[in-house]
Amino acid sequence: MDQKTNSAPQAAGASARRATRQVAIGKVRVGGEAPIVVQSMTNTDTADHIATAVQVAQLARAGSEMVRITVNNDESAKAVPKIREQLLKMNVDVPLIGDFHYNGHTLLADNPACAEVLDKYRINPGNVGKGAKRGTQFAQIVEMACRYDKPVRIGVNWGSLDQAVLARMMDDNARRAEPWDAGAVMREALVVSALESAAQAEDVGLTADRIILSCKVSSVQDLIATYRELSRRSEYPLHLGLTEAGMGSKGIVASTAALAVLLQEGIGDTIRISLTPEPNGSRAQEVVVAQEILQSMGLRAFTPMVTACPGCGRTTSTFFQELAQSVQSYVRDMMPTWRTQYDGVENLTLAVMGCVVNGPGESKHANIGISLPGTGETPAAPVFIDGEKAMTLRGDNIAEEFRGILDNYVATKYVRKAS
């Protein structure tokens, strides 16, 4: 395994690709030819097993395919089996990932039920231990993973980077005839920390098909450069995410800008969008954003996509905006039910257009489209189904009637799953 180079990490990736190895996490497969997986994380107190199970269920029902929970003290470790039990009562079967920092070796050893129930462990090599203790405590966690046949994500983060690795990289850099800039040294330290930790895990006995790597930063360009280099130098599945992405549009835009570049280059096997939720906002927003990134890029399909125009001076009424919002919310609300009943419904396309310029054309491209006239008068809105005009809706109940058309289309066009 090549862990050092003689030149600074490249700005553009060479030989970037999806991981060739595949890791099993519960029933979910990560890497190789498996679909890119959406992951999320709870923000409840894990010791409160009811609240945590409820949030895990919310995230899973929103489409999260794996959910990470903090395991930071003895109370939270003891709660993990109760969380699993509560989820089973709620008919929720989603892989649970334990997030360990500082004391994971102790918590796993003292709580074997927790170690057994979790589907994956996450270790941060930057805070697993200092000095001579680091190797021992890291090995203890890996030994627990081997004992219970669990995969491990070795998650490096530049906010808690192993200082011994960074100091070594800085010393190496000082001896170069042409030293790298500070950013290149930091990126190299992230990659080396991940690769050396993976090699150590394999030395302890963890097989390569049980290892996932990540190197998270909060800068878009640094994230892209780091993962290009990590992909070039390893075959482990990679977990992508812009750490501490931020709140609202800033977090969404930054995460999309970074991950879209990497995903387009074939880099990444799981993704997590680390949004700061609005006060009292839904944690599930990060799941929706992750899904929409993958679906917008044509990499996965999760829920029917609604095309809607932005509006202009021709759209003097807000009716099309209200209709688009209503349809999109309805689809999101119905998708958990549709997903269990119909095969392929996630590929359905919808269009809600505001005026006659592009409205009919866009509507014909969708499975179901509606084109509003673009003015404030009582709307007369033609509906197109699979490219053909099917009817014209008028009056005060257009939204309700359009939802009825959508329900009927789903029920008649998609194969009902066997119960």
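I take helices to be DSSP runs of H or I with at least four residues, numbered from the N terminus. I also note at the outset that this is a predicted model.

**Entry 1. The largest pocket**

I began with the lining of the largest pocket and asked which element supplies the largest share of it. That element is helix 11, with four residues. Helix 11 spans 319-341, and I found that strand 2 (28-31) and helix 1 (49-62) likewise supply at least two residues each.

I then looked up the extent of the pocket. Its volume is about 660 Å³, and 27 residues line it. I recorded the residues nearest its centre as Ala60, Gly63, Ser64, Glu65 and Arg339. Sorted by class, the lining holds twelve nonpolar, ten charged and five polar residues.

**Entry 2. The chain as a whole**

I next turned to the overall architecture. The chain contains 13 helices and 17 strands. Along the principal axes, I found that its C-alpha atoms fill a box of roughly 75 × 55 × 35 Å.

I checked the radius of gyration, which is 24 Å; this agrees with a compact globule, because one of 419 residues would have a value near 22 Å.

I also looked up burial and surface. Of the 419 residues, 52% are buried. The accessible surface comes to about 18,300 Å², and carbon and sulfur atoms account for 49% of it.

For contacts between residues at least 6 apart in sequence, I noted that 68% join residues at least 24 apart.

**Entry 3. Ala290**

I selected Ala290, which belongs to helix 10 (residues 285-296). Is Ala290 buried or exposed? Its relative accessibility is 0%, and since the cut-off for buried is under 20%, Ala290 counts as buried.

Setting aside residues up to four places away in sequence, I found that Ala290 touches Val38, Ile271 and Ile273. I also looked up its separation from Ala19: the two residues are 271 apart in sequence, and their C-alpha atoms are 20 Å apart in space.

**Entry 4. Ser255**

I then examined Ser255, located in helix 9 (residues 248-264). Ser255 has a relative accessible area of 0% and is therefore buried.

Which residues is Ser255 in contact with, leaving aside neighbours within four places in sequence? I recorded Leu242, Ala245 and Ile273. Ile273 thus appears in my notes for Ser255 and in those for Ala290.

Terms used:
Residues are numbered from 1 along each chain as its sequence is written. This is a predicted model: local features need pLDDT of at least 70, side-chain atom pairs count only at pLDDT 80 or more; totals for chains, interfaces and linings use all residues. Side-chain values use heavy atoms; hydrogens and water are left out. Buried means under 20% relative accessible area, exposed over 50%, partly exposed in between (1.4 Å probe, protein chains only). Contact means heavy atoms within 4.5 Å. On a 1 Å grid over the protein atoms alone, a cavity is a set of points where a 1.4 Å probe fits but cannot get out, and a pocket is an open set with protein on both sides within 12 Å along at least five of seven lines; lining residues have an atom within 4 Å of a point. Grid points are joined across faces, edges and corners, and a volume is the space filled by probe spheres set on the points. Ala, Val, Leu, Ile, Met, Phe, Trp, Tyr, Cys and Pro count as nonpolar, Asp, Glu, Lys and Arg as charged, and the others, Gly among them, as polar. The radius of gyration is taken over C-alpha atoms; the globule rule is 2.2 Å times the number of residues to the power 0.38. Accessible areas come from the Shrake-Rupley method with a 1.4 Å probe; for residues, only the protein chains shown count as cover.
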